[in-house]
Amino acid sequence: MSVKFSVNGKTVEVEVEPRLTLADCLRHHLRLTGTHVGCEHGVCGACTVLVDDAAVRSCLMLAVQAEGAKVVTVEGLSLDEGLTPLQASFRKHHALQCGFCTPGMITTAHALLTAEPDCDADRVREVLSGNLCRCTGYISIVEAVLDARAAYKHDGKRP
Amino acid sequence: MRRANALVGQPIERLEDLRFVRGRGQYVDDLARNGMLHAVILRSSVGHGRFREIDVSRAKRMTGVRAVVTAADLGASIPVVPMRLQPMPEFAPFAQPVMARDKVRYVGEALAMVLADTAAIAEDAIGAIEVDIEPLPAVSNWQGALNNGALLFEDEGTNVSMKFRAVLGDAEAAFKNAPYKRRERFSTQRHTALPMEPRGVLAEWDSAQGRLTVSGAAKVLFANRRILAKQMGLSEDAIYMVEYDVGGSFGARGEFYPEDFLIPFAARHCGRPVKWTEDRREHLMTMNHARESACDVEIACDRDGTVRGLRGHAFVDMGAYMRTNGAVGARNIAQFMSGPYRVPNIDIDVLLLLTNKTPVGTYRGPGRFETDFFRERLFDMAARDLGIDQVEFRRRNLVREADMPYTLASIAPFESKDELDSGDYQVTLDRCLAEIGWAEKRTKLREANKKPADGRYHGLAVSCFIEGGAAGPKESARLVLETDGTLTVYVGSSGVGQGLETAFTQIAADAMEMPMERINKVFHGSTAYVSDGYGSYHSRSIVMGGSAILDAATKLRQVMCAEAARRLNCGAAEVVLADGRATSPDGKSVAWSELAPEPISVEGAFLNHKHTWAYGAHAAHVSVDPKTGHVSLLDYVAVENCGRMINPLTLKGQLVGAVAQGLGGTFMEHLVYDEHGQLLTGSLADYLVPTASDFPKIRGFVMESHPSPLNPLGAKGAGEGGIISVGGVISNAIADALSSFGVEPRDLPLTPSAVWQLVQDARKHSDGT
């Protein structure tokens with residue numbers, strides 16, 4: 001089947017099997033390997049991407065379901081040079097070690113901060129509880145997200 | 001300006017993060033090659049059985065399937081995975097064949113492998129393979145391994161693969177006439193490291209050159225190359241092992257697994273690149289398990305709480321085979337039962353028992369997490385019996401600074417000798433107590449428990465630990481001064497997500513007295529970079545790799561000084577190297593970039609046969625609802641002293657992250673099997689790990705003093721200390737909270753239902769029913 005959608009601002013048209021997940025489509029057909037696959041059953045959150053601005057597990061969505069959608073991956077939340085405030089905050093707070101869960105954390109946190117730039121620590125924990133990290137113990141991730149709130153308060157859009 | 005020690009000890013933000021936060025890390029499943037085939041492995045769904053027949057004909061005929069490999073294709077004798085650590089001849093009969101042929105011994109064992117154009121086609125073909133396995137009675141736990149009559153290896157006539165014994169002093173004499181003795185049984189449950197990145201291998205065979213490239217290697221590349229070369233009949237230098245970014249190891253990722261042979265074999269078999277990536281279900285049934293052990297242990301004390309001795313027996317469930325480092329946890333249970341305490345008389349034996357479950361290997365703090373739970377529980381019970389404060393009991397028995405170096409129990413049959421190197425264990429205990437506010441909380445909480453306002457009872461506990469590191473024998477590093485005056489670093493250590501590139505850049509920059517920005521990159525994780533490498537395990541990278549960098553830097557500076565002396569007409573010893581220039585006593589200077597027409601490459605090494613011992617203390621404050629068994633972790637403090645810190649930011653990250661993993665192992669993580677050896681927890685919906693909302697308050701404090709006398713950095717291996725105490729300190733805090741009920745946790749995990757059951761049992765007991 002052919003499916004047409006937007007990825008990181010560019011329109012793509014891909015020929016896929018109906019059973020192909022959006023995660024595999026992004027990674028292996030479009031070579032956007034920043035989106036990681038950790039469990040393939042919707043628990044770990046490493047594959048989280050934005051679909052029409054909502055944080056979505058791309059392993060639980062078929063590529064064909066993305067028809068007409070606006071998909072944004074961690075690559076689309078990054079600058080060519082330097083780090084966004086959210087990324088810099090992750091680095092500053094040592095909110096990552098092996099880096100495998102990080103793209104899912106960044107996409108999830110971006111969606112949260114865009115919608116709720118005034119969220120408190122409990123809310124951050126609640127939202128991030130769908131993303132597993134095995135390295136950090138989450139304390140530093142929560143600090144990093146809270147510290148990045150200021151950057152989302154002005155225009156609410158750009159990271 | 002001399003820059004020595006400008007960077008070591010500073011909380012430098014990590015260099016690795018620049019690619020990771022932007023999704024630019026490169027993990028093995030991110031790789032793709034032209035003409036690449038995908039491998040999928042058929043795994044046994046039977047725990048113990050006789051493998052009668054396999055029919056792959058239908059799978060072979062499917063469109064897109066290029067080959068199906070079974071044991072019959074692997075030659076007359078199936079290669080086995082040898083032991084990397086403690087390779088004793090007694091273990092050899094229990095080595096794991098890379099594919100099952102006559103028997104299957106655990107759910108998840110490889111039976112066949114499909115190679116197809118896509119992973120989806122290979123999965124389809126797996127479903128078309130017909131397998132006939134005659135089920136045999138399974139050995140589903142360690143008690144059964146001793147008693148139920150079923151044997152995993154009939155020819156061996158036993159399910160016991162080995163017995164270790166830790167001995168110090170004369171335990172028999174110490175227990176005779178001891179004024180106080182207590183004997184208890186404890187157990188810890190099977191769980192696993194669970195790195196977030198599933199395992200993967202990409203193998204490429206170059207038939208013209210007879211060369212093999214294996215991507216996705218990790219942790220111990222050179223050791224794995226030796227194993228693979230032997231199995232494939234290749235010379236070591238015909239194999240190139242490459243590590244990409246690794247999504248966590250915690251001891252488990254990077255050991256040699258059956259797939260580390262099967263995928264390279266498939267690449268040679270098909271003459272095409274072959275990639276395999278496990279799914280999470282496969283991961284839970286094939287990657288090394290850990291921690292399943294039990295003990296029957298006795299303590300002897302004087303009336304004042306001075307420990308006279310520890311003796312008893314421990315039992316470790318090894319799973320179905322002895323894998324590369326499978327014996328380490330069992331050995332450590334014996335050796336570290338005494339932990340950081342002066343226990344003059346020790347006699348502990350450990351049986352290594354085979355069962356029809358996934359084989360075990362090391363997981364962060366192997367054996368130490370288990371044995372610290374046993375000991376710290378026993379210590380709190382003894383302290384209470386003797387009417388001694390739990391802190392005072394520990395203080396009285398900690399190894400003192402004056403006792404260093406302090407000799408630990410020796411382990412038969414290795415006859416290994418080990419000694420604690422340096423430190424003042426009272427200081428980390430004091431710091432831990434101060435940070436959690438012990439003095440104030442102790443009285444307040446006991447008072448509050450008399451009338452719990454919200455039905456919750458509060459408990460407090462503290463425990464001390466030691467963390468061994470810096471396993472020898474050697475590590476290598478190579479420094480290259482480029483012609484533009486920048487430096488490139490190559491090491492035999494491996495990066496598994498711990499931040500090696502940053503720490504090594506700090507060490508190299510200080511050693512060369514140059515800014516970090518002038519260091520191009522730290523290259524690690526390839527057999528091509530240095531002549532030999534030993535990798536990352538046993539908290540060894542900083543001490544071993546870091547010291548090797550220092551050695552290489554000393555040698556490189558000598559070469560640079562000699563080169564500069566020739567140009568500046570002075571003695572080499574008179575040359576000063578600083579700020580990118582070499583300067584003679586009379587003020588003439590030459591830039592580093594002008595020292596040689598070619599890059600100057602120098603290899604260094606560090607040899608070590610003694611371990612370093614980081615140490616510290618943990619304390620926890622919990623509240624427990626006896627009506628539901630729910631435990632809330634209100635505060636957790638972990639303090640670790642590692643001699644000399646390289647990067648406090650990453651060190652603290654290791655400490656706090658390890659605590660969270662330990663909380664998982666204490667409260668929730670459990671690989672459950674039924675009596676047939678069937679794994680019941682094959683997904684992350686069944687195997688629970690901590691999430692962001694579970695434990696919001698974990699505080700880590702890193703200290704430095706007493707640099708290790710065993711290496712030029714003065715550093716001690718760290719990274720495991722955060723996990724070691726968790727089971728002990730949490731269960732003691734729960735016992736403290738529920739002391740009025742007489743609750744004594746003896747088994748992990750402490751799930752709400754387990755804690756609730758403890759309360760019920762204690763009530764029945766006190767009712768006399």
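**A two-chain model, starting from a small sheet in chain B**

In chain B, strand 2 (residues 49–55) runs antiparallel to strand 8, and six bridges hold the pairing. This is a predicted model, and that pair of strands makes a handy way into it. Two matched positions show how the strands line up: Arg50(B) has Glu134(B) as its bridge partner in strand 8, while Ile54(B) sits opposite Val131(B) of strand 8. Strand 8 itself covers residues 130–135 and is hardly covered by its surroundings, with zero buried residues among its six.

The pair belongs to an open sheet of three strands in chain B, arranged in the order 6-2-8 with antiparallel pairing. Strand 6 (103–104) and strand 8 take the edges and have a single partner strand each, so one side of each is left without a neighbour in the sheet.

Stepping back to the whole of chain B, the count comes to 19 helices and 33 strands. Its radius of gyration is 27 Å, close to the 27 Å that the globule rule gives for 769 residues, so chain B is as compact as a globular protein of that length. Measuring along the principal axes, the C-alpha trace spans about 90 × 75 × 50 Å. Of those 769 residues, 58% count as buried. Contacts also reach across the sequence: taking those in chain B between residues at least 6 apart, 81% join residues at least 24 apart.

What about the inside? In soluble globular proteins, nonpolar side chains tend to be buried together. Here the largest nonpolar core holds 294 residues, and the members touching the most other members are Ala39(B), Val114(B), Val489(B), Ala508(B), Ile549(B), Val659(B) and Ile734(B). Helix 15 of chain B (residues 541–568) provides the largest share of this core, at twelve residues. For a look at one of these members, take Ala39(B): setting aside neighbours within four places in sequence, its contacts are Met113(B), Leu115(B), Ala122(B), Ile263(B), Ala266(B), Val274(B), Lys275(B) and Trp276(B).

Chain A, for its part, splits into two domains, domain 1 (2–77) and domain 2 (85–151). The C-alpha centres of these two domains of chain A are 21 Å apart. Where they meet, domain 1 puts in 16 residues and domain 2 puts in twelve. On the domain 1 side, strand 3 (48–51) and strand 4 (54–57) of chain A each supply at least two residues. Strand 3 of chain A gives the most to that side, with three residues. Sorted by class, the domain 1 side comes out as nine nonpolar, six polar and one charged residues.

Finally, there is the contact between the two chains, to which chain A gives 45 residues and chain B gives 45 residues. On the chain A side, helix 2 (85–92), helix 3 (102–115), helix 4 (121–128) and helix 5 (139–147) each supply at least two residues. By class, this side of chain A has 21 nonpolar, 15 polar and nine charged residues.

Conventions:
Residues are numbered from 1 along each chain as its sequence is written. Chains are lettered from A and ligands numbered from 1 in the order in which they are written. This is a predicted model: local features need pLDDT of at least 70, side-chain atom pairs count only at pLDDT 80 or more; totals for chains, interfaces and linings use all residues. Domain bounds come from an automatic or database domain assignment. Two residues are in contact if their C-beta atoms, placed from the backbone, lie within 7 Å. Helices (H or I, at least four residues) and strands (E, at least two) are DSSP runs, numbered from the N terminus. Ala, Val, Leu, Ile, Met, Phe, Trp, Tyr, Cys and Pro count as nonpolar, Asp, Glu, Lys and Arg as charged, and the others, Gly among them, as polar. A residue is buried if 20 or more other C-beta atoms lie within 10 Å of its own, exposed if 12 or fewer, and partly exposed in between; C-beta atoms are placed from the backbone. Two strands pair if DSSP finds at least two bridges between them. A nonpolar core is a set of buried Ala, Val, Leu, Ile, Met, Phe, Trp, Tyr and Cys residues joined through C-beta atoms within 7 Å. The radius of gyration is taken over C-alpha atoms; the globule rule is 2.2 Å times the number of residues to the power 0.38.
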